[in-house]
Amino acid sequence: MSRLGNLKLAHPRYELFYVNDKKIATAEDKAKSLSGDRYTWFQWMKKMMLLNGHHKKRELIHETPVGTPVIAFINHGRWVAICPACGCAEVVEPKTPIFYCLNCTNRDNSSLPLPVKFPRSRVKIEDELLARKKRQFRNWDGKMTLTELRTETSIKFKE
Ligand SMILES: [Zn+2]
């Protein structure tokens with residue numbers, strides 16, 4: 001059985017194996033880590049969609065997201081978004097902003113991928129959070145301004 005076939009999927013809160021100190025991690029980092037660099041995140045996500053049984057044929061897998069975008073935010077050094085149907089979090093990828101919930105398979109969206117909304121100032125937000133040494137302090141709620149983030153860093157997260 002392939003490594004992907006053996007995957008035990010956990011809530012991202014406990015999935016920190018693909019997060020490193022040098023960058024804010026994305027779904028691409030997770031896919032590479034899980035597959036030993038064999039799959040891009042999009043290829044990995046498609047595999048997951050096939051494995052979950054909701055998509056019996058490859059042709060049924062839609063690459064174009066439809067519906068109301070989910071909002072990307074940063075939690076413990078990773079870009080994530082919350083599933084609007086079941087409340088589970090999934091890691092997301094700015095280069096391929098598509099959300100697919102591995103828990104409920106986007107059940108409220110006919111099992112089709114949802115768009116993901118990343119902030120325009122994504123890189124600046126990442127840089128600001130990377131100035132915080134501890135990963136658990138690298139959080140952005142999807143709303144805070146850069147100024148607010150900088151203030152928070154200088155008051156709470158100097159170390
Ligand atoms: Zn879900």
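Which residues does Ala72 touch, leaving aside those up to four places away in sequence? In this predicted model, the list runs to Trp79, Ala81, Val92, Val116, Lys117, Phe118 and Gly142. That makes Ala72 a handy place to start a tour.

**The overall layout**

The protein is built from 4 helices and 6 strands. Reading from the N terminus, the order is α-α-β-β-β-β-β-β-α-α. Of the 159 residues, 29% count as buried. As for contacts between residues at least 6 apart in sequence, 52% of them link residues at least 24 apart.

**The core**

The largest nonpolar core has 30 residues, and the members touching the most other members are Ala72, Trp79, Ala81, Val92, Phe99 and Val116. Quite a few elements chip in at least two residues each: helices H1 (27–35), H2 (41–51) and H3 (122–130), plus strands S2 (73–75), S3 (78–82), S5 (98–99) and S6 (114–117). The top contributor is H2, which gives 4 residues. Trp79, Ala81, Val92 and Val116 turn up again here, as they are among the residues that Ala72 touches.

**Helix H2, one side in**

Which residues of H2 are buried? They are Trp41, Trp44, Met45 and Met49. These four sit on the same side of H2, because they span an arc of only 145° around the axis. The general rule behind this is simple: with 3.6 residues a turn, an α-helix points residues three or four places apart the same way. Part of the cover over the buried residues of H2 comes from H1.

**Strand S3 and its two partners**

S3 is mostly covered, with 4 of its 5 residues buried. It pairs with S2 on one hand and with S4 (residues 89–91) on the other, antiparallel in each case. Here are the two pairings next to each other:

| Pair | Bridges | Facing residues | Residues between strands | Positive phi |
|---|---|---|---|---|
| S2 and S3 | 3 bridges | Ile74 and Trp79 | 2 residues | His76, about 50° |
| S3 and S4 | 3 bridges | Ala81 and Glu90 | 6 residues | Gly87, near 85° |

So what happens at the turns? S2 and S3 make a hairpin, and His76 in its turn has the positive phi. In the hairpin of S3 and S4, Gly87 is the residue with a positive phi.

The facing residues also lead back to the core. Trp79, which stands opposite Ile74, and Ala81, which stands opposite Glu90, are both among the core residues with the most contacts to other members. Ala72 touches both Trp79 and Ala81 as well, which brings the tour back to where it began.

Key. Residues numbered from 1 in each chain as written. Predicted model: local features only at pLDDT ≥ 70, side-chain atom pairs only at ≥ 80, totals over all residues. Core = buried A, V, L, I, M, F, W, Y, C linked by C-beta atoms within 7 Å. Buried ≥ 20, exposed ≤ 12 C-beta atoms within 10 Å, placed from the backbone. Contact = placed C-beta atoms within 7 Å. Arc of directions from axis to C-beta. Pairing = 2+ DSSP bridges.
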